[in-house]
Amino acid sequence: MNQDFKNCIDKKKLYKSYNAKGLVKKEFGSATDDLEDAKLSFSKKRYKWATIQAYYAMFHAARALLYSRGYRERSHYCVLVGIEQLFGEERHIDMKWVRAFKNAMSLREDADYADEYSKEGAEIAIPTFHQLLHHSALRSV
């Protein structure tokens, strides 16, 4: 178990939940809806919102993965840590998807908190998530 995962568990930012698995389908629905919203925002040249919506699409897909393992979260960062530990290190998902999620998180934070965003950032986040959504690891949960 990596130290970041242990810290998230110890601080109760990641925790086991008996009802988590029942939320997987709902999270995938949210992920799909957010991806469609991101594409629509991009088509309207609303790159800030496209970036934010693409991140949230990834976030909801990542939550679905955590939920499939019986975990809930109280931190965006710990979602990333949980995915890395439970799926990346166990080779259930390619680490490039973990890095893509981390990159999307950074793009979203820049857009939300620093009002820094670009067409190029949105162009990276949207297709990356579209590929991830159709990845076999996500389809198997």
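This passage describes the fold, the nonpolar cores, the ring contacts and some single residues of a predicted model.

The chain contains seven helices and two strands. Read from the N terminus, these elements follow the order α-β-α-α-β-α-α-α-α. The chain has 141 residues, of which 49% count as buried. Its accessible surface comes to about 7600 Å², and carbon and sulfur atoms account for 49% of that area. Where contacts join residues at least 6 apart in sequence, 69% of them link residues at least 24 apart.

In soluble globular proteins, nonpolar side chains tend to be buried together. In the present model, the largest nonpolar core has 30 residues, and Leu66, Val79, Ile83 and Phe101 have the most contacts inside it. At least two residues of this core come from each of α1 (3-10), α2 (24-43), α3 (47-68), α4 (76-88) and α5 (95-113). Helix α3 supplies nine residues, the largest share of the core. Another core lies apart from this one; it has nine residues, including Ala54, Ala57, Ala122 and Ile126.

Two of the residues with the most contacts inside the largest core, Leu66 and Val79, can be followed through their neighbours. Leucine 66 is found in helix α3. Its relative accessible area is 0%, so leucine 66 counts as buried. Beyond its neighbours within four places in sequence, leucine 66 is in contact with Leu14, Tyr71, Glu73, Val79, Gly82, Ile83, Leu86 and Phe87. The C-alpha atoms of leucine 66 and leucine 80 are 9.6 Å apart, and the two residues are separated by 14 residues in sequence. Valine 79, with residues up to four places away in sequence left out, touches Phe59, Ala62, Arg63, Leu66, Glu73 and Phe101.

Leucine 86 is placed in helix α4. Because its relative accessible area is 9%, and buried means under 20%, leucine 86 is classed as buried. The contacts of leucine 86, leaving aside neighbours within four places in sequence, are with Phe5, Leu66, Arg69, Tyr71 and His92. Leucine 86 is 21 residues from leucine 65 in sequence, with a C-alpha to C-alpha distance of 8.9 Å.

Alanine 64, like leucine 66, is in helix α3. Alanine 64 is buried, with a relative accessible area of 0%. Not counting residues up to four places away in sequence, alanine 64 touches Val24, Glu27 and Phe28. A further link in space is with alanine 31: the C-alpha atoms of the two alanines are separated by 9.0 Å, while the residues are 33 residues apart along the chain.

A charged residue is also found among the buried ones. Arginine 108 lies in helix α5. Its relative accessible area is 5%, and therefore arginine 108 counts as buried. Outside its neighbours within four places in sequence, arginine 108 is in contact with Thr51, Ile52, Tyr55, Tyr56, His76 and Tyr113.

Tyr55 and Tyr56, both in that list of contacts, also belong to an aromatic cluster, together with Phe59 and Phe101. Across the whole structure, six aromatic pairs are found. Rings are also met by charged side chains. The charged end of arginine 69 sits over the ring of phenylalanine 87, at 4.3 Å from its centre. Lysine 48 lies over the face of tryptophan 49, with a distance of 5.9 Å from the ring centre.

The remaining features concern a helix end and two loops. At the N-terminal end of α1, asparagine 2 acts as a cap, with a side-chain oxygen 3.1 Å from the backbone nitrogen of aspartate 4. Just after α1, lysine 12 takes a positive phi of about 60 degrees, although lysine 12 is not a glycine. Lysine 12 is in the loop between α1 and β1 (14-16). Its relative accessibility is 54%, so lysine 12 counts as exposed. Aspartate 115 also has a positive phi, near 55 degrees, and is a residue other than glycine. The place of aspartate 115 is the loop between α5 and α6 (119-133). At 49% relative accessibility, aspartate 115 counts as partly exposed. For comparison, most residues other than glycine have a negative phi.

Notes
Residues are numbered from 1 along each chain as its sequence is written. This is a predicted model: local features need pLDDT of at least 70, side-chain atom pairs count only at pLDDT 80 or more; totals for chains, interfaces and linings use all residues. Side-chain values use heavy atoms; hydrogens and water are left out. A nonpolar core is a set of buried Ala, Val, Leu, Ile, Met, Phe, Trp, Tyr and Cys residues joined through side-chain atoms within 4.5 Å. Buried means under 20% relative accessible area, exposed over 50%, partly exposed in between (1.4 Å probe, protein chains only). Helices (H or I, at least four residues) and strands (E, at least two) are DSSP runs, numbered from the N terminus. Contact means heavy atoms within 4.5 Å. Rings of Phe, Tyr and Trp (its six-membered ring) pair if their centres lie within 6.5 Å; planes under 30 degrees apart count as stacked, over 60 as edge-to-face and the rest as tilted. A charge sits over a ring if NZ of Lys or CZ of Arg is within 6 Å of the ring centre and within 35 degrees of the ring normal. A polar contact is a pair of N or O atoms within 3.5 Å; within protein, one must be able to donate a hydrogen and the other to accept it, and residues adjacent in sequence count only if both atoms are side-chain atoms. Accessible areas come from the Shrake-Rupley method with a 1.4 Å probe; for residues, only the protein chains shown count as cover.
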